Amino acid sequence: MKYALIGCGRIAVNHIKAALNNRLEIAAVCDVLPEAMESLLAKYGLENNPSIRRYTDYKELLAAEKPVLASIATESGIHAQIALDCIDAGVNLIIEKPMAMCMADAEEIIRRSAEKGVKVSACHQNRFNVAVQEARKALEAGRFGKLSHGSIHVRWNRNRGYYDQAPWRGTWAQDGGCLMNQCIHGIDLLRWMMGDEVEEIYGVTCRQFHDYLQCEDIGMAVVKFRNGAVGTIEGTTNVYPKNLEETLYLFGETGTVKLGGTSTNNIDVWDFADEGESDGKNKGLQEATSNVYGNGHTSLFADVIEAIEQDRKPYVDAVAGRNALEMILAIYQSASTGKPVKLPLKDVASTDFTGRFDG
């Protein structure tokens, strides 16, 4: 299957690795910085491969290469426009998080991809973590009983050196703060596990230590789900001196699960009323990962490839990307007004909060 990568920055190594692991035909890469393309390809010994073309304009790539599948790994603020251009060209997509920076763009990606018959997957790869998959199976089997509450804690560190790597980081137009960038995977997992349907969110955001950024470095929220369950969110890049944890708690009438590690890759607690012999393998499960991005990109790519071949929805579709974005924009809106926000959310964009922490 002919594949192209648009954007060759920090996360792109995971996309190239996933493409290689799935034996995709890497036809082209694209970045406005030629050195970024060369550096990325060199990491996998592909720099001298004549079959991989380089482009600095993604529109030229689409016209010349006509890939079956592309992934978008640029700065967040241009994800949506590139995605819409790819959809119009009939190209199936994997879009790095966040899928868009405003609700209107997210809805248009969903609408237009359906209209054009194009598969779109939001790159929430942590859904494929072994620990997450085991918890999901238990949830779908009804082992938790009635859900009481759940919470996600993303307690990470990002220092000045990280933000200095790219000028778009921490800006309202191109990135958002810790909730939009670092915590969106955990927020996606919480919403997905707790039933997806959200009634109301109340949030608080602050910029405590990163005064050189436009956006928040800590955000907290309380979520009311339509099924009666309650959720809490804590996301921050203020943890000293390094990443501490990404932990998801799920509490039900007949089950309690705690997924821990730096990226919900371990099972710290696994207790169910109907416990059987097969549960033993999950107690203390640890999935080794080399970084906070985990191992899920390869599985997500495999699923999208199969979705294209079988003409079905991807496991993590564009609606999932919209839902995670909606949660974060709702927290931003609540934090700026001091009031709870009802969902569904309409006509809200990250740029609506420009100047939030000025002065």
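Contact here means heavy atoms within 4.5 Å. The legends below use that sense throughout, and the model they describe is a predicted one.

**View 1. The whole protein chain, eleven helices and 14 strands.** Before zooming in, here's the overall picture. The C-alpha atoms fill a box of roughly 55 × 55 × 45 Å along the principal axes. A compact globule with 359 residues would have a radius of gyration near 21 Å, and the 20 Å of the protein chain agrees with that. Of the 359 residues, 58% count as buried. Take the contacts with a separation of 6 or more: 69% of them come from residues 24 or more positions apart. About 14,800 Å² of the protein chain is exposed, with carbon and sulfur atoms supplying 49% of it. As for charges, the 38 positive and 48 negative ones have mean positions 1 Å apart.

**View 2. Helix α6 and what its buried residues pack against.** Helix α6 runs over residues 130–140, and its buried residues are A131, V132, E134, A135, R136, A138 and L139. So what do they pack against? The partners are two strands from further along, β12 (255–260) and β13 (266–272), plus β7 (147–155) and helix α9 (184–193). Following α6 comes G142, with a positive phi near 80°.

**View 3. Two edge-to-face ring pairs.** The whole structure holds eleven aromatic pairs. In one of them, the rings of Y162 and Y163 have centres 4.9 Å apart and planes at 85°, so this pair is edge-to-face. Y162 is buried at 7% relative accessible area, and Y163 is buried too, at 8%. The other pair shown is W270 with F272: their ring centres are 5.0 Å apart and their planes sit at 70°, over the 60 degrees that edge-to-face requires. W270 counts as buried with 3% relative accessibility, and F272 is buried with a relative accessible area of 7%.

**View 4. An aromatic cluster of F128, W192 and Y315.** Here ring pairs do the linking, joining F128, W192 and Y315 into a cluster.

**View 5. S334 in helix α11.** Helix α11 spans residues 318–337 and includes S334. Is S334 buried or exposed? S334 has a relative accessible area of 0%, so this serine is buried, the cut-off being under 20%. Leaving out residues up to four places away in sequence, S334 touches I201, Y202 and G203, along with K339, P340 and V341.

Notes:
Residues are numbered from 1 along each chain as its sequence is written. This is a predicted model: local features need pLDDT of at least 70, side-chain atom pairs count only at pLDDT 80 or more; totals for chains, interfaces and linings use all residues. Side-chain values use heavy atoms; hydrogens and water are left out. Helices (H or I, at least four residues) and strands (E, at least two) are DSSP runs, numbered from the N terminus. The radius of gyration is taken over C-alpha atoms; the globule rule is 2.2 Å times the number of residues to the power 0.38. Buried means under 20% relative accessible area, exposed over 50%, partly exposed in between (1.4 Å probe, protein chains only). Accessible areas come from the Shrake-Rupley method with a 1.4 Å probe; for residues, only the protein chains shown count as cover. Lys and Arg count as positive and Asp and Glu as negative; His and the chain ends are not counted. The place of a charge is taken as NZ of Lys, CZ of Arg, CG of Asp or CD of Glu. Rings of Phe, Tyr and Trp (its six-membered ring) pair if their centres lie within 6.5 Å; planes under 30 degrees apart count as stacked, over 60 as edge-to-face and the rest as tilted.
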